[in-house]
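Work through the exercises below with the sequence and the model open. Each task is followed by a solution in steps.

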Amino acid sequence: MKPKIVIGNWKMNKNFDEAEELITEITEKLEGYNLETEVVLCPPLVYAELVTDHANEEGAPFYAGVQNVSEYENGAYTGEVSAEMLANMDVSFCIVGHSERRKYFGETNAIVLKKMQRLLANDIVPVMCCGESLEERKANQHFSVVQKQVEETLYQLTPDQMERVMVAYEPIWAIGTGETATPEQAQEMLAFIRSVIEKKFGTEMAVNTYILYGGSCNAKNALELFSQQDVDGGLIGGASLKADDFVKIIEAGETVTKDN
Ligand code: PEP
């Protein structure tokens with residue numbers, strides 16, 4: 001089993017002082033750990049430099065990520081931030097296609113693909129989110145919905161690009177609702193996503209691709225979720241805003257990694 005990855009998505013939360021405090025608390029709590037689990041903090045963009053400064057310190061326990069990037073290269077796109085700018089700031093990871101961006105900002109699979117390509121051109125790892133709505137699950141369409149999201153994004157990449165991408169399965173009905181997917185539901189869908197990747201890119205790529213679960217993952221349920229064979233870690237929203245909870249989730253990652 002490969003080491004787990006735990007990514008914190010702060011969404012649009014925390015003022016500057018709170019952001020600094022959270023970074024310091026997480027750093028202090030993880031001091032002395034010889035972490036195998038990889039940790040990524042994705043604060044709001046205005047705090048990215050805070051995180052990259054800390055992430056660049058020797059022995060820092062986390063990498064710097066952000067939650068969004070422009071689909072365009074550079075130029076007259078008021079309000080946008082390019083992948084090149086993120087790379088200049090030493091950002092290593094970027095979430096794309098989060099369901100909140102798909103819902104509130106019209107992010108389509110085509111836009112998600114463009115964003116991934118901009119990120120890959122600048123050596124930033126895209127964390128591509130996919131997942132179905134409650135209605136789609138009730139209508140038994142969850143597999144076809146996720147398959148389409150994967151085919152319209154990941155299938156458009158070259159194998160060399162695909163090697164540098166992560167996937168996060170986040171059922172929309174589980175995000176911020178407290179209603180977590182059961183470990184069996186998470187495992188079933190992640191194994192399915194892996195099989196879809198395998199069809200296009202082969203077994204080695206499918207096995208090596210990091211596929212995370214996200215959606216009300218917390219300090220209590222992380223261990224069970226991370227123990228599932230195909231769950232390579234978690235994308236954590238609400239629970240990443242409290243250092244204690246977030247560190248417990250990282251500890252769950254450590255436990256599973258070290259037990260295997
Ligand atoms: C998310 O926003 O990616 C997420 C998983 O949120 P939460 O953990 O709060 O459900």
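**Exercise 1: helix 12**

The buried residues of helix 12 are Ala243, Phe246, Val247, Ile249, Ile250, Ala252, Gly253, Glu254, Val256 and Thr257; buried means under 20% relative accessible area, exposed over 50%, and partly exposed in between, with a 1.4 Å probe and protein chains only. The model is predicted: local features need pLDDT of at least 70, side-chain atom pairs count only at pLDDT 80 or more, and totals for chains, interfaces and linings use all residues. Residues are numbered from 1 along each chain as its sequence is written, and side-chain values use heavy atoms, with hydrogens and water left out.

Task: State which elements the buried residues of helix 12 pack against, and compare the span of helix 12 with the expected one.

Solution.
- Step 1. Helices (H or I, at least four residues) and strands (E, at least two) are DSSP runs, numbered from the N terminus.
- Step 2. The packing partners are strand 1 (5-9), helix 1 (16-29), strand 2 (38-42), helix 11 (222-226) and strand 8 (233-236), where contact means heavy atoms within 4.5 Å.
- Step 3. The expected span of a helix is 1.5 Å times one less than its number of residues.
- Step 4. Helix 12 (residues 243-259) has 17 residues and should therefore span 24 Å; its end C-alpha atoms are 24 Å apart, in agreement.

**Exercise 2: helix 9**

Task: Find how far helix 9 reaches from its first C-alpha to its last, and say what follows helix 9.

Solution.
- Step 1. The 19 residues of helix 9 (residues 183-201) reach 26 Å, close to the 27 Å expected at 1.5 Å a residue.
- Step 2. Its buried residues include Pro183, Met189, Arg194 and Phe201.
- Step 3. Glycine 202, just after helix 9, has a positive phi of about 95 degrees.

**Exercise 3: glutamate 132**

Task: Decide whether glutamate 132 is buried or exposed, and list the polar contacts of its side chain with tyrosine 169 and tryptophan 173.

Solution.
- Step 1. Glutamate 132 sits in the loop between strand 5 and helix 6 (134-138).
- Step 2. Its relative accessible area is 0%, so glutamate 132 is buried.
- Step 3. A polar contact is a pair of N or O atoms within 3.5 Å; within protein, one must be able to donate a hydrogen and the other to accept it, and residues adjacent in sequence count only if both atoms are side-chain atoms.
- Step 4. The side chain of glutamate 132 makes such a contact with the side chain of tyrosine 169 at 2.8 Å, and another with that of tryptophan 173 at 2.9 Å.

**Exercise 4: tyrosine 210**

Task: Place tyrosine 210 and identify the backbone oxygen that its side chain reaches.

Solution.
- Step 1. Tyrosine 210 is in the loop between helix 10 (203-208) and strand 7 (211-214).
- Step 2. Tyrosine 210 counts as buried because its relative accessibility is 15%.
- Step 3. Its side chain reaches the backbone oxygen of proline 3 at 2.5 Å.

**Exercise 5: the ligand**

Task: Describe the residues that surround the ligand.

Solution.
- Step 1. The ligand is surrounded by 14 residues, the closest being Lys11, His98, Glu170, Gly176 and Ser216; a residue is near a molecule if one of its heavy atoms lies within 4 Å of it.
- Step 2. A ligand oxygen is 2.7 Å from an N or O atom in the side chain of glutamate 170, and a ligand oxygen is 2.8 Å from an N or O atom in the side chain of histidine 98.
- Step 3. The protein covers 96% of the 290 Å² of accessible area that the ligand has on its own, by the Shrake-Rupley method with a 1.4 Å probe.
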